[in-house]
Structures are given as structure tokens and as C-alpha cells.
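Here is a short report on one protein model. The text starts with the overall fold and then turns to charges, core and backbone.

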Amino acid sequence: MRAEFIDPGSLRHEVAVEAAALIPDGAGGHAESWSEIATLFARIEPVSAQARYGADQTLETMTHRITLRFRADIASGMRLRKSSRLFEILTVHDPDETGRYLICRAREDGR
């Protein structure tokens, strides 16, 4: 199997990695709070887009393939933020198992 070539120069989008923390709301529930854990550079490639119709509105969702340098602390359930855009990380994998890069499949809700 041939290793995938990733051009390091293509990692040109600055993104913030964010993790969620659950904060008790005092009534037995919780609120979600996001905190930034790192800032790094990534390649963002759109993969697909779809629109759902319901409740008299259109809900648009895009999926992206986001490539970044390897970090052991990146996991699904986290998110990446680029300015006002939010990318929910769905899956994370090392494409050639060398510990150089990670590829994340991410979902972005329409704007």
C-alpha cells in the first residue's frame, strides 16, 4: 500500500481546536462550555453538502476533510473553529500510521 503524500505547504488555514466541558447548572442538568486547547494550521477540503427541509426552513450541512499535523489529544467530539465557522469533528485517523498527520472528517452546519 502506497503512503499518502501530504504537502505541508497546503496547511494554510489557522484553526483553533476546542474541547467541550460540562458545567452543572444547579438544577440537575448541565451547560456545555467550549474552551480552546490549541491553535494550529490545517488544510480544509469540502467533501459534500446537503440540504434538509423541515419546520418551514432549510437546514444545510457540509462535510469537510481537514488535514493537520499529528497531535495525540485530537479526538472525535471536539471541534475546530476558523473565525466564525465551526467544524464538528466526527472521525480522526492517521492516514499512513506514521504519526505525521491526522485527517479529520468534520461537519459544518450552514450559515
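The protein has six strands and zero helices. Read from the N terminus, its elements run β-β-β-β-β-β. The model is a predicted one. Along the principal axes, the C-alpha atoms fill a box of roughly 50 × 35 × 25 Å.

The protein has 111 residues, and buried residues make up 32% of them. The exposed area is about 7,300 Å², with carbon and sulfur atoms supplying 49% of it. Among contacts with a separation of 6 or more, 50% come from residues 24 or more positions apart.

**Charges and salt bridges**

The protein carries 15 positive and 17 negative charges. The mean positions of the two sets lie 5 Å apart. How many salt bridges does a search of the whole structure find? The search finds nine. Three of them are discussed here, pair by pair.

Take E18 and R81. Their side chains meet in a salt bridge, 2.5 Å from N to O. E18 sits in strand β1 (residues 13-24) and R81 in strand β4 (residues 79-82), so the pair ties together parts that are 63 residues apart in sequence. Is E18 buried or exposed? E18 counts as buried, because its relative accessibility is 5% and the cut-off for buried is under 20%. R81 has a relative accessible area of 27%, so it is partly exposed.

Next come E45 and R65. The closest N and O atoms of this salt bridge are 3.3 Å apart. E45 belongs to strand β2 (residues 30-54) and R65 to strand β3 (residues 57-69), so this pair ties together parts that are 20 residues apart in sequence. E45 is partly exposed, at 28% relative accessible area. R65 also counts as partly exposed, at 27%.

R107 and E88 form another salt bridge, with the closest N and O atoms 2.6 Å apart. This pair links distant parts of the chain: R107 is in strand β6 (residues 101-109), E88 is in strand β5 (residues 85-93), and 19 residues separate them. R107 is partly exposed at 31%. E88 is partly exposed at 35%.

Which residues are joined into one network by salt bridges that share partners? They are E18, E36, R79 and R81.

The three pairs, with their N to O distances:

| Acid | Base | Closest N to O distance |
|---|---|---|
| E18 | R81 | 2.5 Å |
| E45 | R65 | 3.3 Å |
| E88 | R107 | 2.6 Å |

**The nonpolar core**

The largest nonpolar core holds 17 residues. Which of them touch the most other members? They are V17, I66, L68, I74 and L80. Strands β1, β2, β3, β5 and β6 are the elements that give two or more residues to this core. β2 gives the most, with four residues.

V17 shows what surrounds one such core member. Leaving out residues up to four places away in sequence, V17 touches S35, E36, I37, A38, L40, I74, M78, R79 and L80. I74 and L80 are core members named above. E36 and R79 belong to the salt-bridge network. V17 therefore touches both core residues and members of that network.

**An exposed valine**

V47 is placed in strand β2. Is V47 buried or exposed? V47 counts as exposed, at 57% relative accessibility. Beyond its neighbours within four places in sequence, V47 is in contact with T63, H64 and R65. R65 is the salt-bridge partner of E45. V47 and R105 are 58 residues apart in sequence, yet their C-alpha atoms are 9.1 Å apart in space.

**Backbone: positive phi**

Most residues other than glycine have a negative phi. Two residues are worth a look for that reason.

S83 is not a glycine, but its phi is positive, at about 60 degrees. Where is S83? S83 lies in the loop between β4 and β5. S83 is exposed, with a relative accessible area of 65%.

E97 is not a glycine either, and its phi is positive, at about 55 degrees. E97 is found in the loop between β5 and β6. At 72% relative accessibility, E97 counts as exposed, since the cut-off is over 50%.

Key: Residues numbered from 1 in each chain as written. Predicted model: local features only at pLDDT ≥ 70, side-chain atom pairs only at ≥ 80, totals over all residues. Heavy atoms only, no water. Salt bridge = Lys/Arg side-chain N within 4 Å of Asp/Glu carboxyl O. Buried < 20%, exposed > 50% of the residue type's maximum accessible area, 1.4 Å probe, protein only. Contact = heavy atoms within 4.5 Å. Areas by Shrake-Rupley, 256 points an atom, 1.4 Å probe, with all protein chains shown as cover. Lys, Arg positive; Asp, Glu negative; His and termini not counted. Charge placed at Lys NZ, Arg CZ, Asp CG, Glu CD. Core = buried A, V, L, I, M, F, W, Y, C linked by side-chain atoms within 4.5 Å.
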